[in-house]
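Colleague: Hi! Could you walk me through this protein? I'm new to this, so plain words please.

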Amino acid sequence: MAQQETDQQVENDGFVVDTEDCEARELAHRERGTARPITVVGNPVLHKECKDVTSFDDDLARLIDDMFASQKAAEGVGLAANQIGVDQKVFVYDCPDDEGVRHVGVVCNPVLEELPAELRVLDESNEGCLSVPTAYAELARPDYAVVTGQDAEGNPIKVRGTGYFARCLQHETDHLYGRLYIDRLSKRDRKDALKQMEEGTARYETVPNA
Ligand SMILES: [Zn+2]
């Protein structure tokens, strides 16, 4: 079977190669795009499942460019479309894994793979979110994650990550199903995160809630 030619090359085992030419790929997207303000907790677009991406066209390419520009402007390591107010299942990332290796890519219509129990090692690190500015909380998540989905051209892809990047893949997929990381916290920790947000000031432009 012929290997598909895409700007995200696919390895033989089906996992996308997202560690090569990171700097050039991220820069190209960002230079074509425009940074948009970030939606914050309370904005309805963040609290419902986004629509599937069905058209892998120029509009989607432009959205992805804007998402890279927005991610950079806000100094994020991952960004979901609803975080710039767009109701589409797509996220971008620029994130190091547990070995410090940088991963840059985009996933449309992501689905998190269920891990077999023996592969589920929980990592209890700090997590934050551009849509909950200035707040951080410890949250246990598996330290390995596999997401299946499609690239910007609609080709099926699989992305895997370890450590912080595994956390990022889970966090961004959650976003597109209307779930924020604070929704996974205890009632008390959630309240504390919201208080941190109230007391802090975002270092980037946000969309005021109505
Ligand atoms: Zn987030």
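Modeller: Happy to! One term to begin with: a residue is buried if 20 or more other C-beta atoms lie within 10 Å of its own. Please keep in mind that this is a predicted model.

Colleague: Okay, so what share of the 210 residues is buried?

Modeller: Buried residues account for 38% of the 210 in the protein.

Colleague: And how many helices and strands are there?

Modeller: There are 4 helices and 9 strands. Starting at the N terminus, the order is α-β-α-β-β-β-β-β-β-β-α-α-β. The radius of gyration is 16 Å, close to the 17 Å that the globule rule gives for 210 residues, so the protein is as compact as a globular protein of that length.

Colleague: Switching topic: which residues does UniProt list as "binding site"?

Modeller: The unreviewed UniProt entry puts that feature at C129, H171 and H175. They are spread over 47 residues of sequence, yet they cluster in space, with a largest C-alpha distance of 10.1 Å.

Colleague: Nice. Where is C129 found?

Modeller: C129 is in the loop between β5 (122-128) and β6 (136-142). Leaving aside neighbours within four places in sequence, C129 is in contact with L180 and Y181.

Colleague: Why does C129 count as buried?

Modeller: Because C129 has 26 C-beta neighbours inside 10 Å, and the cut-off is 20 or more.

Colleague: What about H175, which helix is that in?

Modeller: H175 lies in helix α3, residues 163-176. H175 counts as buried too, because it has 25 C-beta neighbours inside 10 Å. Beyond four places in sequence, the contacts of H175 are A80, N82, Q83 and F91.

Key
Residues are numbered from 1 along each chain as its sequence is written. This is a predicted model: local features need pLDDT of at least 70, side-chain atom pairs count only at pLDDT 80 or more; totals for chains, interfaces and linings use all residues. Helices (H or I, at least four residues) and strands (E, at least two) are DSSP runs, numbered from the N terminus. The radius of gyration is taken over C-alpha atoms; the globule rule is 2.2 Å times the number of residues to the power 0.38. A residue is buried if 20 or more other C-beta atoms lie within 10 Å of its own, exposed if 12 or fewer, and partly exposed in between; C-beta atoms are placed from the backbone. UniProt positions are given in the numbering used here, feature names are shortened, and annotations may be inferred rather than shown by experiment. Two residues are in contact if their C-beta atoms, placed from the backbone, lie within 7 Å.
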